[in-house]
Amino acid sequence: YVVLYTPCGPANEKLFRKVLELNALALNSQQLEKSELGFSKGSLGVVKDEIVMLETESHDTLSIASLRTGIEALSVTGDFIESQITGGGDKR
């Protein structure tokens, strides 16, 4: 597997609950359809001191196109999630 990720904000106690709630949307298709987020592939996690949006690609299906798509999706979705969990206040 190849793991792609983008930072979405600082990992701290204040944001963990929001992150877990956002992750749970991917498990409930009805809630996901009503959500502005709309991500069904990938998840949120913690890498070092950052909350990150992750996407995992299998080596079996890996291609230049799938990497490009994954990076583009992480870019857009990661920025949106960052705005949701930090209120746009994260200046990193």
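Helices and strands here are DSSP runs, with at least four residues for a helix and at least two for a strand, numbered from the N terminus.

**View 1. The whole chain of this predicted model, from end to end.** Welcome to the overview, where 3 helices and 3 strands make up the chain. Following the sequence, you meet them in the pattern β-α-α-β-β-α. The chain has 92 residues, and 34% of them count as buried. Its accessible surface comes to about 6,100 Å², with 53% of that belonging to carbon and sulfur atoms. If you look at contacts between residues at least 6 apart in sequence, 66% of them join residues at least 24 apart.

**View 2. The open sheet, with its strands in the order 1-3-2.** Three strands take part, and their pairing is antiparallel. Strand 1 (2-10) and strand 2 sit at the edges, each pairing on one side only. On average, neighbouring strands of this sheet are turned by 40° against each other, direction ignored.

**View 3. Strand 1 beside strand 3.** Here the two strands pair in the antiparallel sense over 8 bridges. For a handy landmark, find P10, which stands opposite E50 in strand 3.

**View 4. The hairpin of strand 2 and strand 3.** Strand 2 (residues 43-47) and strand 3 (residues 50-57) run antiparallel and are joined by 5 bridges. One pair to pick out is L44 with its bridge partner M53 in strand 3. Between the strands of the hairpin there are 2 residues, and K48 takes a positive phi near 55°. If you like to check backbone torsions yourself, K48 is a good place to stop.

**View 5. Helix 3 across the sheet strands.** This helix lies across strand 1, strand 2 and strand 3. Relative to strand 1, helix 3 runs at about 20°.

**View 6. A close look at G70 in helix 3.** The helix spans residues 64-86, and G70 is part of it. Is G70 buried or exposed? Its relative accessibility is 1%, and the cut-off for buried is under 20%, so G70 counts as buried. Leaving out residues up to four places away in sequence, G70 touches L4 and E55. Those partners fit with the previous view: E55 falls in strand 3 (residues 50-57), and L4 falls in strand 1 (2-10). Another residue to locate is Y5, which is 65 residues from G70 in sequence but 9.2 Å from G70 in space, C-alpha to C-alpha.

Definitions and conventions. Residues numbered from 1 in each chain as written. Predicted model: local features only at pLDDT ≥ 70, side-chain atom pairs only at ≥ 80, totals over all residues. Heavy atoms only, no water. Buried < 20%, exposed > 50% of the residue type's maximum accessible area, 1.4 Å probe, protein only. Contact = heavy atoms within 4.5 Å. Areas by Shrake-Rupley, 256 points an atom, 1.4 Å probe, with all protein chains shown as cover. Pairing = 2+ DSSP bridges. Axes fitted to C-alpha atoms, helices over the stretch in contact; angles between N-to-C directions.
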